[in-house]
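Please study the sequence and the three-dimensional structure shown below. The paragraphs after them are meant to guide a first reading.

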Amino acid sequence: MATIRNLKIKTASCKRIVKELHSYEKEVEREAAKTSDMKEKGADPYDLKQQENVLAESRMMIPDCRKRLESSLADLKGILAELEEAKQKEGPEVTEAESTVADVEKLFETSES
């Protein structure tokens with residue numbers, strides 16, 4: 001049974017994962033810049049290798065985060081559908097959840113382009 005409480009939880013979860021995804025994307029940019037800077041300056045090969053490993057780990061987190069976001073989005077849509085069937089689809093929580101769904105779908109559209 002879908003409740004407003006579950007809806008709030010799933011909405012917050014989606015928002016948190018979006019924030020996490022943006023954080024990882026910024027981290028990849030920062031680490032890539034640091035790696036290229038180290039290459040230009042002719043850093044020690046060991047240090048450069050370690051930095052490349054850090055960059056690779058950061059890059060691996062993005063697809064994982066996207067999968068979790070897709071799963072969380074599906075859960076949120078499911079709860080919205082259940083509330084609609086139960087004729088409880090009104091209120092600020094529902095509006096916020098629908099807005100979050102739209103934002104996440106837009107995020108996926110822009111990243112696929």
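The text below follows the helices, then the core, and then some individual residues.

The structure is a predicted model. A natural place to begin is helix H1, which covers residues 4-40 and has 37 residues. From its first C-alpha to its last, H1 reaches 54 Å, close to the 54 Å expected at 1.5 Å a residue. The buried residues of H1 are Leu-7, Thr-11, Ser-13, Cys-14, Ile-17, Val-18, Leu-21, Tyr-24, Val-28, Glu-31, Thr-35 and Met-38. Just after H1 comes Gly-42, whose phi is positive, at about 65°.

Helix H2 takes up residues 45-85. Its 41 residues should span 60 Å at 1.5 Å a residue, and because its end C-alpha atoms are 61 Å apart, the two values agree. After H2 stands Lys-87, which has a positive phi near 60°. A further helix, H3, runs over 92-112.

The helices can now be considered together. In soluble globular proteins, nonpolar side chains tend to be buried together. In this model, the largest nonpolar core has 22 residues. Those with the most contacts inside this core are Leu-7, Leu-21, Leu-69, Leu-73, Leu-76, Leu-80 and Val-104. H1, H2 and H3 each supply at least two residues of the core, and H2 gives the most, with nine residues.

Which residues does Leu-7 contact, leaving aside its neighbours within four places in sequence? They are Leu-76, Ile-79, Leu-80, Leu-83, Glu-93, Val-94 and Ala-97.

Thr-11 also belongs to helix H1. Its relative accessibility is 4%, so Thr-11 counts as buried, the cut-off being under 20%. Apart from its neighbours within four places in sequence, Thr-11 is in contact with Leu-76, Glu-96, Ala-97 and Thr-100. Leu-76 and Ala-97 are thus named among the contacts of Leu-7 and among those of Thr-11.

Two residues of helix H2 offer a view from the other side of these contacts. Ser-58 is found in H2 and is buried, because its relative accessible area is 3%. Not counting residues up to four places away in sequence, Ser-58 touches Glu-27, Val-28 and Glu-31. Of these partners, Val-28 and Glu-31 are included in the buried residues of H1.

Arg-66 likewise lies in H2. With a relative accessible area of 19%, Arg-66 is buried, since the cut-off is under 20%. Beyond its neighbours within four places in sequence, Arg-66 is in contact with Leu-21, Glu-25, Phe-108 and Ser-111. One of these, Leu-21, is listed with the residues that have the most contacts inside the core. Arg-66 and Ile-17 are 49 residues apart in sequence, yet their C-alpha atoms are 8.3 Å apart in space.

The cysteines remain to be considered. How many disulfides does a search of the whole structure find? The search finds zero. Cys-14 is in no disulfide, and the nearest cysteine sulfur, that of Cys-65, is 11 Å away. A disulfide would require the two sulfur atoms to be within 2.5 Å. Cys-14 is buried, because its relative accessible area is 0%. Cys-65, which is in no disulfide either, has a relative accessibility of 0% and therefore counts as buried.

Methods
Residues are numbered from 1 along each chain as its sequence is written. This is a predicted model: local features need pLDDT of at least 70, side-chain atom pairs count only at pLDDT 80 or more; totals for chains, interfaces and linings use all residues. Side-chain values use heavy atoms; hydrogens and water are left out. Helices (H or I, at least four residues) and strands (E, at least two) are DSSP runs, numbered from the N terminus. The expected span of a helix is 1.5 Å times one less than its number of residues. Buried means under 20% relative accessible area, exposed over 50%, partly exposed in between (1.4 Å probe, protein chains only). Contact means heavy atoms within 4.5 Å. A nonpolar core is a set of buried Ala, Val, Leu, Ile, Met, Phe, Trp, Tyr and Cys residues joined through side-chain atoms within 4.5 Å.
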